[in-house]
Amino acid sequence: MKLYEFLLPLLALALICLPLLRALHNARHGKPVKASVLANLGAFFGVCALAVICPAGAFAAEVTSAAAGSAAGMGYLAAALVTGMACIGAGIAVAAGAPAAIGAVSEDPKSFAKALIFVVLGEGVAIYGLLISILILNRV
């Protein structure tokens with residue numbers, strides 16, 4: 001096992017964990033946590049840059065054809081992005097729809113079915129994203 005195979009994942013883990021420690025420190029001392037969130041975003045993009053500069057293919061088995069490995073990697077990346085973005089979109093939709101549905105039901109209990117439909121429609125976005133992700137993975 002080469003030294004960089006051990007140190008690169010530790011570096012990625014440190015980039016992710018350090019802003020969380022700063023957020024915990026700021027929360028204990030009553031300081032705003034906004035700077036910590038921005039630092040966490042910076043660490044995330046740092047890990048992404050590290051993944052581009054030092055691809056994980058160095059840790060996996062070698063692929064016989066570089067083009068086939070690249071295409072498979074893009075397929076996996078596409079599947080991950082589809083699932084992640086669909087779940088973020090569903091979370092935003094449910095975050096907006098569920099409180100409104102709860103408020104509507106608390107005022108008029110007969111509107112439960114209509115309110116539930118709007119919440120379920122938001123969750124449907126995540127299910128569609130998962131379905132597309134499965135279809136992409138079947139092609140890879």
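Helices in these legends are DSSP runs of H or I with at least four residues, numbered from the N terminus, and the model shown in every view is a predicted one.

**View 1. The protein chain as a whole, made of helices without strands.** In this predicted model, the protein chain holds four helices and zero strands, so that a reader who follows the sequence from its start meets the pattern α-α-α-α. Of its 140 residues, 17% count as buried, and the chain exposes about 10300 Å², of which carbon and sulfur atoms supply 76%. When contacts between residues at least 6 apart in sequence are considered, 69% of them join residues that are at least 24 apart.

**View 2. Ala12 in helix α1 and its separation from Ala43.** Ala12 belongs to helix α1, which covers residues 3-28. Ala12 counts as buried because its relative accessible area is 17%, which is under the 20% that marks the limit for a buried residue. Along the chain, Ala12 and Ala43 are 31 residues apart, while in space their C-alpha atoms are separated by 8.6 Å.

**View 3. Phe44 and a nonpolar surface patch.** Phe44 is found in helix α2, which is formed by residues 34-53. With a relative accessibility of 47%, Phe44 counts as partly exposed, because this class lies between the buried limit of 20% and the exposed limit of 50%. Together with Val33, Val37, Leu38, Leu41 and Phe45, Phe44 makes a nonpolar surface patch of about 580 Å².

**View 4. Ser111 in the loop between α3 and α4.** Helix α3 spans residues 66-107 and helix α4 spans residues 112-139, and Ser111 is located in the loop that lies between them. Although it is a loop residue, Ser111 counts as buried, with a relative accessibility of 15%. If its neighbours within four places in sequence are left aside, Ser111 is in contact with Ala104 and Val105.

**View 5. Helix α4, its span and its buried residues.** Helix α4 has 28 residues, and the distance from its first C-alpha to its last is 41 Å, which is close to the 40 Å expected at 1.5 Å a residue. The buried residues of α4 are Ala115, Val119, Gly122, Gly124, Ala126, Gly129 and Ser133, and each of them may be located in this view by following the helix through residues 112-139.

Technical notes:
Residues numbered from 1 in each chain as written. Predicted model: local features only at pLDDT ≥ 70, side-chain atom pairs only at ≥ 80, totals over all residues. Heavy atoms only, no water. Patch = residues over 30% accessible without salt bridge, like charges linked within 9 Å, V, L, I, M, F, W, Y side chains within 5 Å. Areas by Shrake-Rupley, 256 points an atom, 1.4 Å probe, with all protein chains shown as cover. Salt bridge = Lys/Arg side-chain N within 4 Å of Asp/Glu carboxyl O. Helix = DSSP H or I, 4+ residues; strand = E, 2+ residues; numbered from the N terminus. Buried < 20%, exposed > 50% of the residue type's maximum accessible area, 1.4 Å probe, protein only. Contact = heavy atoms within 4.5 Å. Expected span 1.5 Å × (residues − 1).
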